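Got your viewer open? Let's take a short walk through this one, one selection at a time.

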There are 2 protein chains.
Amino acid sequence: MAKTFEVTILGVNSAYPIHGRHPSCQIVNYDNRLIMIDCGEAAQIQVSKYSIKRSKINHIFISHLHGDHCYGLPGLLSSYGLQGRKSTLNLHGPIGIKKFVEGIFEATEAYLPFELNILEYDTEEQSTVVIDSSITVETFPMKHRIPTMGFKIIETIPEFNIKVDAIKEFEMSIEEIKGAKIGNSIIRDGVEIANSKLTFPKKDGRSYAYCSDTVYDPDLLPYIMNSSLLYHETTYLDDHESLAKERMHTTLGQAIEIAKAAKIEKLIVGHYSSRYQDIDVFLEEGLPKFSGLMLGEEGRVYEV
Amino acid sequence: MAKTFEVTILGVNSAYPIHGRHPSCQIVNYDNRLIMIDCGEAAQIQVSKYSIKRSKINHIFISHLHGDHCYGLPGLLSSYGLQGRKSTLNLHGPIGIKKFVEGIFEATEAYLPFELNILEYDTEEQSTVVIDSSITVETFPMKHRIPTMGFKIIETIPEFNIKVDAIKEFEMSIEEIKGAKIGNSIIRDGVEIANSKLTFPKKDGRSYAYCSDTVYDPDLLPYIMNSSLLYHETTYLDDHESLAKERMHTTLGQAIEIAKAAKIEKLIVGHYSSRYQDIDVFLEEGLPKFSGLMLGEEGRVYEV
């Protein structure tokens, strides 16, 4: 069975909390290792509400330094300190995030009893962050009102899928099945049975692309091409295309165009403008155009 | 009828949000003019949840710069900006609050389309802030781990209470009643009827004292003496007296002692330690000692 690779959305509104929705925050879970993406105000409250194991979060990625993507950091980080966190926490963000965080902690005399490793990125460049042997995060430039980057979380060592027939034919043990999943062969009567006879060809690893906030931008396509799942901001419905352009956001129709052009089958939309009290309108307007459309909803879990 | 003077508690936990409780934040409502005291994370969410009219808040007082008393400021202030606030907002706090707020806004490129008037106080001194002709806030020194001040909100022009008999006897008009409430006399058959014949003697104005965070400290008494209502932190129950002293907090029994010594009849307790999932234990332990004890509870309104 494939390893867990899923996204839980904790905040899906733009600008400020309203209509019971919160500013941007998501948790990517790969095999019980958690990555937080963006950290709007009250992220730590949402983490508790949806029973996210905060001790499993070792990496936080911040797309840009607008408040609705980072004002939850001071509370989350200082609570980690008060709760006795010991392990290193890696905070990845645009140039300026170090000054933002350290300025707050200096002013409020917060003491962190763990190492906070702040890594700053030039958002104009593409970067690759190797989280561990099975997960890599690529950052890529996005166009917004301030320096902003998108993220692609990539499964780098996908497992082979075992052929059920092979298990029967060779009476494979549990250990042999585990071995075959990572590419091993087996021995029968002194003869090696190649892995290719036991498994299906290895597919590309699954991947999740996160694009928020951004103006409609086909330049993103090379970075997100063929992702298994895409989160793309849709601050507005299509009738506000000029407003979206002016404020460097995206409409629903534009996000669907991006998903189609990137050959992505599953699209989560979100970062809704506060003007939409009821977000079902996004589904009604978008689903006829793209059957893989899913509403971004807080507390909902999406498989990558 | 006396003017509205009440307190709504929006956050009552210490350190960080847990058990459905939020960090410190309160709203004092005097005759529909609102003052916020402390602004922990998610204060703006609590403001919405409990239908506080945020446009009526023109003054925010911050007791000290620990995160659980000020991490809600960036979100609240930037949301005011996004929502188009035009009127001046006065932010009162300890020395350092200007650097805290301005540092965040610089790092996150937040633009405020209204005047934010930041006033810094030496927490070692007593200060008097005249809000308007009917409300004054006194700040006073408290002893905590960092510079901290308490607040006393005082009704400076209480209205006279009209004698019902006088309304009948003199057939007073609505205008005359209004005038008598603020000290005017009336004329009958060319003769002046003194205000003292129309009203009861003017009592002292009502007052609300806020003491959080503080170690048990009888030096506070002169500042809060005879207040109508006291909020005093009780981070711990009595069995944690040594811990309270070490962390410069107060126990329930100590807060009751302070209330009694200050001749205050109504005491709200709060700033509960995260160790108390159920806060009813504070009522059970404290009520036998002090009948005017009230639990601080989020969303509850307390008359001053």
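How many residues of chain B are in contact with chain A? Select both chains and look between them: 29 residues of chain B are in contact with 29 residues of chain A, where contact means that the C-beta atoms, placed from the backbone, lie within 7 Å.

Before going on, a word on what you're viewing: it is a predicted model, in which local features need pLDDT of at least 70, side-chain atom pairs count only at pLDDT 80 or more, and totals for chains, interfaces and linings use all residues. Residues are numbered from 1 along each chain as its sequence is written, while chains are lettered from A and ligands numbered from 1 in the order in which they are written.

Now colour by pLDDT, the predictor's confidence in each residue, from 0 to 100. Chain A averages 95, and 100% of its residues score at least 70. For the model, ipTM is 0.86 and pTM is 0.88.

Next, superpose chain B on chain A: a rotation of 180 degrees with 0.0 Å of shift along its axis does the job, with an RMSD of 0.2 Å (a least-squares fit on the C-alpha atoms of residues with pLDDT of at least 70 in both). The two copies are therefore related as by a two-fold rotation axis. Click on Ala42(B): in chain B, its C-alpha is the nearest to the axis, at 2.8 Å.

What about the surfaces that meet? 100% of the interface residues of chain B are also interface residues in chain A, so the copies meet through the same surface.

Technical notes: Contact = placed C-beta atoms within 7 Å.
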